[in-house]
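Student: I would like a close look at one enclosed part of this model and what surrounds it, with the cut-offs stated as you go.

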Amino acid sequence: MNDQSLPNRDQRRPAVTSGGDSLPAFFFAHQRWFEIGFWVLMAIISAWLNALSVLDDYRRLGLEIQGWEPFCWEFSSGLVWLALIPLVLALERRVPLHTDRLFRHLCWHGLFSLVVSVLHVVGMVLIRETVYTSMGVQYDFGNWSEELLYEYRKDVMSYASLLTIVLLYRFVVSRVRGEAQVVATGEDASRMERPDRLLIRKLGREFVVRVEDIEWVETSGNYMNLHQGGRIYPLRSTLKALLTQLDPGQFVQIHR
């Protein structure tokens, strides 16, 4: 999701003290499963509540509807969205919502949302037709041009909500992982141009990490993410400012 990165030429694997058996440490050890579980749970809860609401609306209006139909509609939509989440995340990594190119990237995401919406509609219609056929009835999606516009108005909100959740999640995770700062060492601190150590505040503890142990660096908004042993330590800095501090014998810029 980033445009710049600085790899360490030595590519050393660091030895970093873990956070112990705390809840954050357990989360990061199983982070991918927590993320998958979150999206699945969100899809199930949303589909179930929406189906109950649709069923209640039909009954209050006195309209005939089979009890299983709203659940077919909502769960087919949720299932397709689950399948599309990896695509949306891949698109966001290619076109990140950074402040420096926000307008251009928002335009790209507007275009992506159209593509995602069409895939969502086609996918859920195919699922519904399959379910309806198995129940011995015919599914009528209606006028495609009108329904596509109707569905896109909902899908673009879902797309925006998904991106918002992802960005907030990444922000919180980066803060929990720790904040990196240059170590101040007495009278030399004010004149330090190329620090050899960084102070890492992580999970309520502090660690001193040597710059030479950092594997690579990438930009993320107003932060530079320092990668070390599978962990990420955010340093509030610009690429230009960090380049003046890092030893060019250890790090080389490979992207703009």
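How many residues of the lining of the largest cavity are nonpolar, how many polar and how many charged?

Tutor: This is a predicted model, in which local features need pLDDT of at least 70 and side-chain atom pairs count only at pLDDT 80 or more, while totals for chains, interfaces and linings use all residues. Residues are numbered from 1 along each chain as its sequence is written, and side-chain values use heavy atoms, with hydrogens and water left out.

The lining of the largest cavity holds nine nonpolar residues, one polar residue and no charged ones (nonpolar: Ala, Val, Leu, Ile, Met, Phe, Trp, Tyr, Cys and Pro; charged: Asp, Glu, Lys and Arg; polar: the others, Gly among them). Of the ten lining residues, Leu 198, Val 211, Leu 235, Leu 242 and Leu 246 are the closest to the centre of this cavity, which contains about 50 Å³ of space. It belongs to a set of two cavities of 30 Å³ or more that a search of the whole structure finds. On a 1 Å grid over the protein atoms alone, a cavity is a set of points where a 1.4 Å probe fits but cannot get out, whereas a pocket is an open set with protein on both sides within 12 Å along at least five of seven lines; lining residues have an atom within 4 Å of a point. Grid points are joined across faces, edges and corners, and the volume is the space filled by probe spheres set on them.

The second largest pocket offers a contrast in its lining, since by class it has 15 nonpolar, seven polar and seven charged residues. This pocket encloses about 830 Å³ of space, and among the 29 residues that line it, Asn 50, Glu 74, Ser 77, Trp 81 and Ser 158 lie nearest its centre. Two or more lining residues come from each of α2, α3 (69-94), α4 (102-134) and α5 (144-177), with α5 giving the most, nine residues. These helices sit within a protein of six helices and seven strands (DSSP runs, H or I of at least four residues for helices and E of at least two for strands, numbered from the N terminus), and the elements run β-α-α-α-α-α-β-β-β-β-β-β-α from that end.

Two of the helices that line this pocket also carry salt bridges, of which the structure holds four (a side-chain nitrogen of Lys or Arg within 4 Å of a carboxyl oxygen of Asp or Glu). In helix α5, Glu 151 and Lys 154 meet at 3.6 Å, N to O, and they are separated by about one helical turn because they stand three residues apart. Glu 151 is buried, at 7% relative accessibility, while Lys 154 is partly exposed, at 39% (buried means under 20% relative accessible area, exposed over 50%, partly exposed in between, with a 1.4 Å probe and protein chains only); of the 256 residues of the protein, 38% count as buried.

In helix α2, Asp 56, Asp 57 and Arg 60 are linked in a network of salt bridges. Arg 60 meets Asp 56 at 3.3 Å, N to O, and Asp 57 at 2.7 Å, N to O; Asp 56 lies four residues from Arg 60 and Asp 57 three. Arg 60 is exposed, at 60% relative accessibility, whereas Asp 56 is partly exposed, at 42%, as is Asp 57, at 32%.
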